[in-house]
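Colleague: Got a minute to go through this one with me? Put it up and we can start.

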Amino acid sequence: MYRAKQMGRDQYSFYNDELAIANRRKREIETFCSSDSYLSAIRLVYQPIYCLMSNRLLGFEALLRVHDDKLGTISPLEFVPIIEDMAKISDVGLHVAKLAAHFCASVNLDTSNQLFVNVNVSPKQLKNNELLNWLESQNVVSRSLLQLEITESAMMENQADIIPILECISDAGYHLLIDDFGTGYSSLARLKALPLNGLKIDRSFVNDLSSEAGLQIVKAVCAIAKALNLTIVAEGVENTNQQSTLIDLHVDKVQGYLFSKPLECKDATELVNTQQYRQIA
């Protein structure tokens, strides 16, 4: 029944072993998340973000990882919907924000560094007073260096409710970016109403840059960003052809396996400390 509902209206689904395994896995994760210690299984990895023109390291995106000795690695695609259903997304969001803030502070101990860390948040998290209160009072790291990413579809669906919250966060000194831009249904009028600093081009469009249609979509996204004076970040850059095209389109920042995979905290810190910024020819 639940599988049929997930597929949309007027659908049906047959029970099979795959469903049984998925349901058992879901119940096991729910049990795990009901324990007092589940937050200790959460860690962050950090994917470097570079200036496209100079190949200089500018910051990182914090990415969620969950591992339990019994359950093994739990994908964010599994984990996040379950904790949302269990009304624990706010607790996890606050925990992740604190971890990212402390990492950001640690890589900026040398005051000549101004490396930002991006954290993904959902409208559900932003509507939680505990997270908002922490954002407004934290003094762990400069607020302009702890940047918040919100998916385009989630932001647009909840625009009326979320604009006052975003304005409050922006006024407090945080930078805001739209994540996965191009996958939702933004318009210039809607974007103008949001206190944004940048947008991230979804990796699916970067992957399709070799096609004329894909190229035109990214051109349009870049034109929108420039018209609104927003910084442009391209995700999922994996080859030099994509890099060259993005340079021609005047994209500001990039991340992806061409530059670096997501790094464990120790490795990310070592990257900063040794200044071994990868130079891409």
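Colleague: Where does Glu-149 sit?
Modeller: In strand 5, which covers residues 146-151. Keep in mind that this is a predicted model.

Colleague: Is Glu-149 buried or exposed?
Modeller: Buried, because its relative accessible area is 1% and the cut-off for buried is under 20%.

Colleague: Which residues is Glu-149 in contact with, leaving aside neighbours within four places in sequence?
Modeller: Glu-61, Asn-118, Val-119, Asn-120, Val-121, Leu-177, Asp-179 and Lys-200.

Colleague: Pockets next. How much space lies in the largest pocket?
Modeller: About 1000 Å³. It is lined by 37 residues, and the closest to its centre are Leu-64, Pro-76, Val-80, Asn-120 and Asp-179. Asn-120 and Asp-179 were also on the contact list of Glu-149.

Colleague: Which elements give two or more residues to that lining?
Modeller: Strand 2 (57-68), helix 3 (76-85), helix 4, strand 4 (116-120), helix 5 (123-126), strand 5 and strand 6 (176-181). Helix 3 provides the largest share, 6 residues.

Colleague: And how do the lining residues divide into nonpolar, polar and charged?
Modeller: There are 17 nonpolar, 9 polar and 11 charged.

Colleague: Switching to the largest nonpolar core. Which members touch the most others?
Modeller: Phe-79, Ile-201 and Val-251, out of 87 residues in that core. Helix 4 (residues 89-107) supplies the largest share of the core, with 10 residues.

Colleague: What is Phe-79 in contact with, again leaving aside neighbours within four places in sequence?
Modeller: Phe-32, Cys-33, Tyr-38, Ile-42, Leu-64, Val-66, Ile-74 and Val-92. Of these, Leu-64 came up earlier as one of the residues closest to the centre of the largest pocket.

How values were computed. Residues are numbered from 1 along each chain as its sequence is written. This is a predicted model: local features need pLDDT of at least 70, side-chain atom pairs count only at pLDDT 80 or more; totals for chains, interfaces and linings use all residues. Side-chain values use heavy atoms; hydrogens and water are left out. A nonpolar core is a set of buried Ala, Val, Leu, Ile, Met, Phe, Trp, Tyr and Cys residues joined through side-chain atoms within 4.5 Å. Buried means under 20% relative accessible area, exposed over 50%, partly exposed in between (1.4 Å probe, protein chains only). Helices (H or I, at least four residues) and strands (E, at least two) are DSSP runs, numbered from the N terminus. Contact means heavy atoms within 4.5 Å. On a 1 Å grid over the protein atoms alone, a cavity is a set of points where a 1.4 Å probe fits but cannot get out, and a pocket is an open set with protein on both sides within 12 Å along at least five of seven lines; lining residues have an atom within 4 Å of a point. Grid points are joined across faces, edges and corners, and a volume is the space filled by probe spheres set on the points. Ala, Val, Leu, Ile, Met, Phe, Trp, Tyr, Cys and Pro count as nonpolar, Asp, Glu, Lys and Arg as charged, and the others, Gly among them, as polar.
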